[in-house]
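Trainee: Could you take me through one part of this model closely, keeping to what the coordinates support?

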Amino acid sequence: MTQISITKPDDWHLHFRDGEMLNETVPATARCFKRAIVMPNLVPPVTTKAQALSYRNRILQASDVDSFTPLMTLYLTNETTPSMIKEAVSEEIPAAKLYPAGATTNSDAAVSGIEALYPVFESMSDAGMLLLIHGEVTDSHVDIFDREKLFIEQHLAPIHDRFPDLKIVFEHITTADAADFVLSCDQHVAATITPQHLLLNRNDLLVGGIRPHNYCLPVLKRNVHQRRLQEVVSSGSSKFFLGTDSAPHTKHTKESACGCAGCYSAWSAIELYAQIFDDLGALDKLEGFASHHGPDFYGLSRNSGHITLTKTSWRVPEKITLKNGDDIVPFYAGQELNWKLST
């Protein structure tokens, strides 16, 4: 097979950042994705309807594709109220994001004491707003490689039990435990999976020296977890769909004494997934994962139109230079991919 055509896909989890960065990140995503769920962890975070609508306008101003649609989210804090949820839903803001405090970039203002948000979760369930979860505990005594598994036991399973009609997306899952939990749940729980967690394991972060551009949160796990994620996407299960967690940082903030977490994959996102599914012998499952399962779970229409990928070798650039002179090192920089977006 030298060419494939799929329904135009969506990215159900990414970070655009703000300001100058938008002029790079938004066109990079809009070139191949029709819609994108936009993470709200700016500084300050997007906690209100007004902030979300203002951010959406800035994204649209940076887009060079008229048909691109950013789907906004609220950042949940201990100050979020049910009335704020109702106001957001009235403006077609489809989801809110739960970050345990300190779990990832710009999450210091996030939730502590998750049970305190149960009235908000009830309001979300009633209004049909989705709960997007960064599923890690952040207790200092918990090994970073065990954070996701313990979050399932301590928080995610109880939330689902308490609010069975609340739609939950367990975002950027990294472990067999997470994949198996999602499969064990009913139709109200699904998950996104990133290209880095399908392509890499923790050896790719640590062996031969620290590789800062492979550092993301949740951190890469053992190869047994990587293989389980590969198995579930190869199965074609509708409970898993595309979410890049593309998260740009400048080169100097990644290559520092305390490097930032995040992989900027937007620049080659759909090509990376095509490479993964081809290597797994599951190209026939790519369209469901990239184009169908996400909108079906969100209760949105599937996109009209298609994109075409051609089997041709090309190399991901070593760096991308912003207009202000800063460099971003894209995920998989300098490495060859065998699929390229053609239309």
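**A close look at helix α2**

Mentor: In this predicted model, the residues of α2 that count as buried are Ala 52, Tyr 55, Ile 59 and Ala 62. Viewed down the axis of α2, these buried residues fall within an arc of 80 degrees, so they line one face of the helix. The general background is that an α-helix has 3.6 residues a turn, so residues three or four places apart point the same way. On the other side of α2, Ala 50 and Gln 61 are exposed, whereas the cover over the buried residues includes α1 (22-30) and the strands β3 (35-38), β4 (69-71) and β5 (73-75). The helix itself runs over residues 49-62, 14 residues in total, and spans 20 Å from its first C-alpha to its last, close to the 20 Å expected at 1.5 Å a residue.

The loop between β3 and α2 also deserves attention, for it contains Pro 44, and the peptide bond joining Val 43 to Pro 44 is cis, with omega about 0 degrees. Another cis peptide bond, with omega near 0 degrees, leads from Leu 217 to Pro 218, and Pro 218 is likewise a loop residue, placed between α8 (203-206) and α9 (223-235).

As for backbone geometry elsewhere, Glu 92, in the loop between α3 (82-90) and β6 (95-98), has a positive phi near 60 degrees although it is not a glycine, and this residue counts as exposed because its relative accessibility is 69%. Tyr 332, in the loop between β13 (327-328) and β14 (336-341), has a positive phi near 70 degrees, again in a residue other than glycine, but Tyr 332 counts as buried because its relative accessibility is 16%.

Definitions and conventions
Residues numbered from 1 in each chain as written. Predicted model: local features only at pLDDT ≥ 70, side-chain atom pairs only at ≥ 80, totals over all residues. Heavy atoms only, no water. Helix = DSSP H or I, 4+ residues; strand = E, 2+ residues; numbered from the N terminus. Expected span 1.5 Å × (residues − 1). Buried < 20%, exposed > 50% of the residue type's maximum accessible area, 1.4 Å probe, protein only. Arc of directions from axis to C-beta. Contact = heavy atoms within 4.5 Å.
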